[in-house]
Amino acid sequence: MIVNSPLHAYLLFTTSMYEYSFITQWQFNAPVKDVWEVIYAMDQWPDWWKYVKKVEYIKTGVNGDIGSIRRIKWGTALPYSLSFNTELLAVDTYKRIQGSVFGELEGKGIWTFTSRDHMTYVRYDWKVNTTKKWMNFIAPIARPLFNWNHDIVMKAGYEGLKKKIGDAG
């Protein structure tokens, strides 16, 4: 392959995916069962999570919906949207939900739930790669914006979930 300009070289080498790793932590003055049930009911996310525009059930799972696939369309705080499929990989009721994603993002997410002193603590570990070429192209300079955007989307989820479960704290 002949590379005939610095821009051409840059374009060739920026087609690889960029990895993002996020940890989001939420706390609620509510029983873990209440928080779990709302997060587990992914099909209902558009009702309370501002940036979730649509959840489409693609494939039925087995044994507690393991292997089920949903397509989620997300809006963002920036002028773009994302769509990706999520597959439910593992469930430990009231403790953990693990899924993988593929489409405009690829990777894994794990929801972890703990309860202590009448409070519920939720941690979301999200490790994904971007597959949109334009995102990978501008990632070297736009990564801070993408990180900020993720934080805004997750904060909206937290606020929506607090309202949904009646946590005024």
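Here are some short questions and replies on the aromatic rings of this predicted model.

Residues are numbered from 1 along each chain as its sequence is written. The model is predicted, so local features need pLDDT of at least 70, side-chain atom pairs count only at pLDDT 80 or more, totals for chains, interfaces and linings use all residues, and side-chain values use heavy atoms, with hydrogens and water left out.

Me: Why does tryptophan 45 count as buried?
Reply: Its relative accessibility is 4%. Buried means under 20% relative accessible area, exposed over 50%, partly exposed in between (1.4 Å probe, protein chains only). So tryptophan 45 is buried.

Me: What makes tryptophan 111 count as buried?
Reply: Tryptophan 111 has 6% relative accessibility, so it falls under the 20% limit.

Me: Why is the pair of tryptophan 45 and tryptophan 111 called edge-to-face?
Reply: Rings of Phe, Tyr and Trp (its six-membered ring) pair if their centres lie within 6.5 Å; planes under 30 degrees apart are stacked, over 60 edge-to-face, the rest tilted. Here the centres are 6.2 Å apart and the planes are at 75°, so the pair is edge-to-face.

Me: What makes tryptophan 26 and tryptophan 111 a tilted pair?
Reply: Their centres are 5.5 Å apart, with 55° between the planes. That angle is neither under 30 nor over 60 degrees, so the pair is tilted.

Me: How do you know that arginine 143 sits over the ring of tyrosine 20?
Reply: A charge sits over a ring if NZ of Lys or CZ of Arg is within 6 Å of the ring centre and within 35 degrees of the ring normal. The charged end of arginine 143 is 4.3 Å from the centre of that ring, and it sits over the ring.
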